[in-house]
There are 2 protein chains.
Amino acid sequence: MADRSTRRRVGIGDVAARAGVSHATVSRVMNGNTTVNSAIAARVQAAAAELKYKPNPVGRSLALGKTETIGIVVPDLSNPTFQSILRDVSIAAARDGYRVLIADSSEVSSEEAILAGEARRRCDGVVLCAPRMSQDDLEELAPTLHPLVLINRTTEHSSTPSLVVDYGHGIQQLGAHLVELGHRRIAYLTGPERSASNVQRLRGLEKFVQDYPEVELQFIPGGNTYDAGNEASDAVASCGATGILVFNDVAAMGLLHGLSERGIRVPEDLSITGYDDMPFARYTMPGLTTAAVPITQLGSLAWRRMREHIKQADAESPTDHFEPHLEIRGSTAPPKA
Amino acid sequence: MADRSTRRRVGIGDVAARAGVSHATVSRVMNGNTTVNSAIAARVQAAAAELKYKPNPVGRSLALGKTETIGIVVPDLSNPTFQSILRDVSIAAARDGYRVLIADSSEVSSEEAILAGEARRRCDGVVLCAPRMSQDDLEELAPTLHPLVLINRTTEHSSTPSLVVDYGHGIQQLGAHLVELGHRRIAYLTGPERSASNVQRLRGLEKFVQDYPEVELQFIPGGNTYDAGNEASDAVASCGATGILVFNDVAAMGLLHGLSERGIRVPEDLSITGYDDMPFARYTMPGLTTAAVPITQLGSLAWRRMREHIKQADAESPTDHFEPHLEIRGSTAPPKA
DNA sequence: CGACTTTTGGGAAACGTTTTCTCAGGATGT
DNA sequence: ACATCCTGAGAAAACGTTTCCCAAAAGTCG
């Protein structure tokens, strides 16, 4: 079985034998340890090159106690927001020689804790996007996961860096925008009920109605998918509002499509806003007025925080805030007289 | 340093000590080996549970020679096609207890081989999407990567399963669709020059002009991004063609937007087709006529092939073909008289 | 009740590295 | 010429598992 003439991977021992030195020396050379005679080093390099030796990362990880990999837990990889985060984290991490292991919890929040734990065991740290996890579960889980970076969540225990988007503020801006255009009857097409960012939007809307007592705000159950937005079309069409705040761009696009099929024109008959400013938001017709989340900075900053905590367990753990800004496009206009 | 009272992770040894048995027995219990007395097994289970013991996957991987992880190399995670593949592969693999490590080559084809090699060393197999890699490089690389599954590429050496979309056929269908609508002057807005799937489209177009000698086909340099499509707007507007075949949906959407800004109406003034049928293609206004690539089957089938080869190195290696089908929406119509 | 088989669990090797410890030998200083 | 320092490389331990090999215990059969 240990037949080395057959297809066994070339190991450090093979290089050592070929260069006529010990394992240890080969290891030293491969890791740029300078305490080795340059003539021998050259011989080892040559042997390694001839055999095309590459250190086995698993053995390396075991000895070093680190994998140079981080895990990222997302609720749904088909969601553009998480795709974007994943991509940016991955690129930022790659720049520092780290890789990313993905764990898609498929929106099953009970899986998130398990997946995160498994990921953590395989990786040097975890980036956790768990919008639905209860706060209690999060508080319990977080300490076991360090180094940990949270996206859009925070914990009591302050040693975990968080990156949070101020969803409440963004929705207020969108609401204010509609009011300025003259809308008084406004509806919010909600997101997933237990989503943390949906709750933030609801809080923002509470403030919004305080600031503008003249508006009449109603809530229509929605979701965070195209289909959810699309299926809400009838409810939206008959609700009497002239301006619709939709949970996110994806649902807004579903709604946009549904309305167009019903002959309702946007923005002439109804103003629609999205949320996120995902890449395609500008490509709808009309372009979607939305709150732009500066998602690009988010991924790379997440990695920066992660790196700091990997290097130094007690690094500072600030909560980074991201302010969405209004992106006004064609889907909003003054209401019909 | 090996101070076990401080924050060291609980290992198999701790469980063994607590249960009053040896490492070996704990390992047997954890792996469901039935040759262990049920009373002792229960004791071990209890000890493991009390200590919250979870086997260290790195040690496990080293002993077992497998990581239960596969790598996936993609040229660009912001491309919806690869996002989709990644997601589906990830979900399918997760169902069998495998994880996915991502490697984004950022469109740098010289990186692809290196990334793939590194991924392979860390994983039990690699799914490779390398549309730009030269055939020679691919032939040289492929044997070193097994188990390997190729997306949209094939190799001579027949032990590598491939999943290929017949891009040539799809573009012929799109062309035929335009001809049937009455278009005679048609342009192809090309993709990246060295992209394998672009080459396939070009081959398909050769056949297309043979089948329809009456059409006048011209080529306009484009790309695979929104911006590339958008920037080609002027060239497209002034080329005299009435129907435009665009490399993919993303570029088509960029073009659509650019044309709309210039006051050119689609499909009244110009018919546009995309390619891929990405999720948003139906949400543009007008909806994009496109060749739908059955991308969902692709990811899960890729995993199935991978699993077969992980289990059994000499498993069959078929080339799976995917036929795009025409998806006719609002962006195509008869040309102006 | 003894010989022979079967269970069962421990010891030790294996997986492929890195790193500490140790010591040989050359250089240096006096 | 001798003691001392330093350099550099090998031996061995460590990382955390799984699994092979064996011996002891237990069971079976005549």
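**Contacts in a predicted protein–DNA model**

Tutor: In this predicted model, a polar side-chain atom of Tyr53(A) lies 3.1 Å from a sugar or linking oxygen of DNA strand C.

Student: What makes the approach of Tyr53(A) to DNA strand C a polar contact?

Tutor: The cut-off for N or O atoms is 3.5 Å. The distance for Tyr53(A) is 3.1 Å, so the pair qualifies as a polar contact.

Student: Which base atoms of DNA strand C do Arg28(B) and Ala63(B) approach?

Tutor: A side-chain N or O atom of Arg28(B) is 2.8 Å from a base nitrogen, and a polar backbone atom of Ala63(B) is 3.4 Å from a base oxygen. Two or more residues of the surface near the strand come from each of helix 2 (23-30) and helix 4 (57-64) in chain A, and likewise from helix 2 (23-30) and helix 4 (57-64) in chain B. Helix 4 of chain A contributes the most, five residues.

Student: Why is the pair Arg87(A) and Asp76(B) called a salt bridge?

Tutor: The definition requires a side-chain nitrogen of Lys or Arg within 4 Å of a carboxyl oxygen of Asp or Glu. Here the N to O distance is 3.8 Å, so the pair meets the criterion. Four salt bridges are counted between chain B and chain A.

Student: How do you know that strand 2 of chain A pairs with strand 2 of chain B?

Tutor: Pairing requires at least two bridges. These strands have three, in the antiparallel sense, and therefore they pair. Within this arrangement, Ile102(A) stands opposite Val100(B).

How values were computed: Residues are numbered from 1 along each chain as its sequence is written. Chains are lettered from A and ligands numbered from 1 in the order in which they are written. This is a predicted model: local features need pLDDT of at least 70, side-chain atom pairs count only at pLDDT 80 or more; totals for chains, interfaces and linings use all residues. Side-chain values use heavy atoms; hydrogens and water are left out. A polar contact is a pair of N or O atoms within 3.5 Å; within protein, one must be able to donate a hydrogen and the other to accept it, and residues adjacent in sequence count only if both atoms are side-chain atoms. Helices (H or I, at least four residues) and strands (E, at least two) are DSSP runs, numbered from the N terminus.
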